[in-house]
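Visitor: I'm new to protein structures and would love a close look at one part of this one. Could you pick a spot, stay with it, and show me how its surroundings fit together?

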Amino acid sequence: MKIEFPYTLNIPPPNMARSIISFFSFLSILSLLTLTPAVSALPLSTSSRWIVDESGQRVKLACVNWVSHLDTVVAEGLSKQPVDAIAKLIVSLGFNCVRLTWPLFLATNETLAAVTVRQSFQSLGLLDSISGIQSNNPALVDLPLLKAYQAVVSSLGSNNVMVILDNHLSKPGWCCSNTDGNGFFGDQYFNPDLWITGLTRMATLFKGVSNVVGMSLRNELRGPKQNVNDWYKYMQRGAEAVHSANADVLVILSGLSFDTDLSFLAKRPVNLTFAEKTVFEVHWYGFSDGQAWQSGNPNQVCGQVYNNVKRKSGFLLEEGFPLFVSEFGADQRGTNVNDNRYLNCFMAAAAELDVDFALWTLVGSYYFREGVVGMEEYYGILNWDWSDIRNSSLTQRLSVLQSPLQGPGLSQSRMHKIIFHPATGLCLLKVGFLGPLK
Ligand SMILES: *[C@@H]1O[C@H](CO)[C@@H](O)[C@H](O)[C@H]1NC(C)=O
Ligand SMILES: *[C@@H]1O[C@H](CO)[C@@H](O)[C@H](O)[C@H]1NC(C)=O
Ligand SMILES: *[C@@H]1O[C@H](CO)[C@@H](O)[C@H](O)[C@H]1NC(C)=O
């Protein structure tokens, strides 16, 4: 997640834009195979653009981002609800996976890793949070930070929730800006060798923990130092380091410019010694295009932006790589016109491309973010005190996307067309009966 940054919209050729416009106006027609229940045999791997389990059946990552990289270095919400209750809530909302963030220094600074949850909150003066954790999660309050992180992963595992470990930044705190020293290899807090060490430690620590199905190497590369040559140099090193420490996990590579741009891969693929484990990730928010949604015609903007997304990252699906939209989301108060229009377009595109995804965010409020105690998160699926969902319209809209619509291993017996309405998430089912796909 980032704060808004200046962005210039690249307008695609008008004919391309127009072909998408009619399609994405307000209805998407999708081909859909009969849905099958998701009991996955882990670990996961890739088969062309699909993420699949041991039996070759598609597993669609329907994740939510759970933040654990801010100043306290504790997964958010533990002062409000027991960790097991949060895990069960995630399942009840239809997600099968969490993208759990972590700051690099948790893995590379042993002093930090050994600080207890209680001490971490004490040092920030967050005494109310301590009593909240004491009553909701007494087993966690005196654990060292790294053990508390493992305990969250373990609780998710007990509830059959898959986890993607996401190295969000180096120095604990809110992310991301161009100038925060965490943006690109060589920045103040981003020493590439230390990063490799930290990735290796995390990959090793979670080796054999079967619900940890993937590792995102680094969130939102950015800033004045970013360049394509160093991207290949270090991302390939990072990927090899993770894979050699833990060959089970999917290795997830993010792009440049706040993870909006992987276009360079069209000319030069990654060169890795291993296969069938590589996934790319991309972020797509309303503010990724500034205020374009609010100021333009939503259909035209949808066509233009969708074409840009295809050119900068979506093309990877056609090249046979899974694309994980690891951050998207919108202000759920419904008052942000830019976000509302973007979300309609996003839902249509996500249904059409049938991509793996992670919503930003589970978090209803943060212990402490950017100097503010108890900051509310209006993009969060939970409310401020983590007791209920913030706005059921979003969960309803997401529910169709949480199931795989296409891909290997789904029942071949029946095929449907569905008409999906992105503004509500509702569908008309069984419009046509076409027989099996070849
Ligand atoms: C390691 O963590 C401790 C505890 O937070 C902190 O005081 C120290 O400055 C950190 N060291 C480095 C090198 O970042
Ligand atoms: C890929 O990497 C290997 C070893 O790391 C190297 O020998 C080979 O030349 C590389 N291939 C390309 C196409 O760059
Ligand atoms: C929930 O979201 C919908 C759609 O954006 C909006 O119209 C509604 O006002 C929201 N409700 C609340 C309580 O924020």
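Guide: Happy to! One idea first: the direction of a helix or strand is described by an axis, a line fitted to its C-alpha atoms, and for a helix the line is fitted over the stretch in contact. The angle between two such axes runs from 0 to 180 degrees and compares their N-to-C directions. Keep in mind that this is a predicted model.

Our part is helix 7, together with what surrounds it. Helix 7 lies across strand 4, strand 5, strand 6 (162–169) and strand 7 (212–216). With respect to strand 5, helix 7 runs at about 175°.

Let's zoom in on one residue. Y149 is found in helix 7. Is Y149 buried or exposed? A residue counts as buried when its relative accessible area is under 20%. Y149 has a relative accessible area of 3%, so Y149 is buried. Leaving aside residues up to four places away in sequence, Y149 touches S68, L100, T101, W102, L106, L165, M202 and F206. Try finding each of these in the 3D view. The fold also brings Y149 and A75 together in a way that the sequence alone does not show: 74 residues apart along the chain, they have C-alpha atoms separated by 7.1 Å.

Now for the strands that helix 7 lies across. Strands 4, 5, 6 and 7 belong to a set of eight strands that close into a barrel. Going round, the order is 4-5-6-7-8-9-10-11, and the pairing is parallel. From one strand to the next, the twist averages 25°.

How does the barrel close? Strand 4 pairs with strand 11 in the parallel sense, over three bridges. You can pick out one bridge by eye: V64 has L359 in strand 11 as its partner. Strand 11 also pairs with strand 10 (residues 323–328), again in the parallel sense and over three bridges. Here F328 stands opposite L359, so L359 is a handy landmark to click on: L359 faces V64 as a bridge partner and has F328 opposite it. Strand 11 is covered on both faces. D356 and A358 are buried on one side, and F357 and L359 are buried on the other.

Elsewhere in the barrel, strand 8 (residues 250–254) and strand 9 (residues 278–283) pair in the parallel sense over four bridges. In this pairing, I252 stands opposite V279 in strand 9.

Two residues from this stretch of the tour turn up again among the rings. F328 and F357 belong to a cluster, joined by ring pairs, that also includes W284, W293, Y342 and F346.

Back to helix 7, which has a neighbour worth visiting: helix 2 (residues 83–92). Which residues of helix 2 are buried? They are V83, I86, A87 and I90. Why do they share a side? They cover an arc of only 100° around the axis, and this puts them on the same side of helix 2. What covers these buried residues includes helix 7 (145–158), along with strand 4 (62–66) and strand 5 (97–103). So helix 7 appears in two roles, as one of the elements covering helix 2 and as the helix lying across strands 4 to 7 of the barrel. If you follow the chain onward, G94 comes just after helix 2 and takes a positive phi of about 90°.

For a last stop, compare helix 6 (residues 127–136), where S129, I130, G132 and I133 are buried. These residues cover an arc of only 165° around the axis, which puts them on the same side of helix 6. On the other side of helix 6, L127, D128 and S135 are exposed. The buried residues of helix 6 pack against helix 5 (117–123).

Now turn the model yourself: start at Y149 in helix 7, step to its contact L100, and then trace the barrel strands in order from 4 to 11.

Methods:
Residues are numbered from 1 along each chain as its sequence is written. Chains are lettered from A and ligands numbered from 1 in the order in which they are written. This is a predicted model: local features need pLDDT of at least 70, side-chain atom pairs count only at pLDDT 80 or more; totals for chains, interfaces and linings use all residues. Side-chain values use heavy atoms; hydrogens and water are left out. Buried means under 20% relative accessible area, exposed over 50%, partly exposed in between (1.4 Å probe, protein chains only). The arc is that of the directions from the helix axis to the C-beta atoms. Contact means heavy atoms within 4.5 Å. Rings of Phe, Tyr and Trp (its six-membered ring) pair if their centres lie within 6.5 Å; planes under 30 degrees apart count as stacked, over 60 as edge-to-face and the rest as tilted. Two strands pair if DSSP finds at least two bridges between them.
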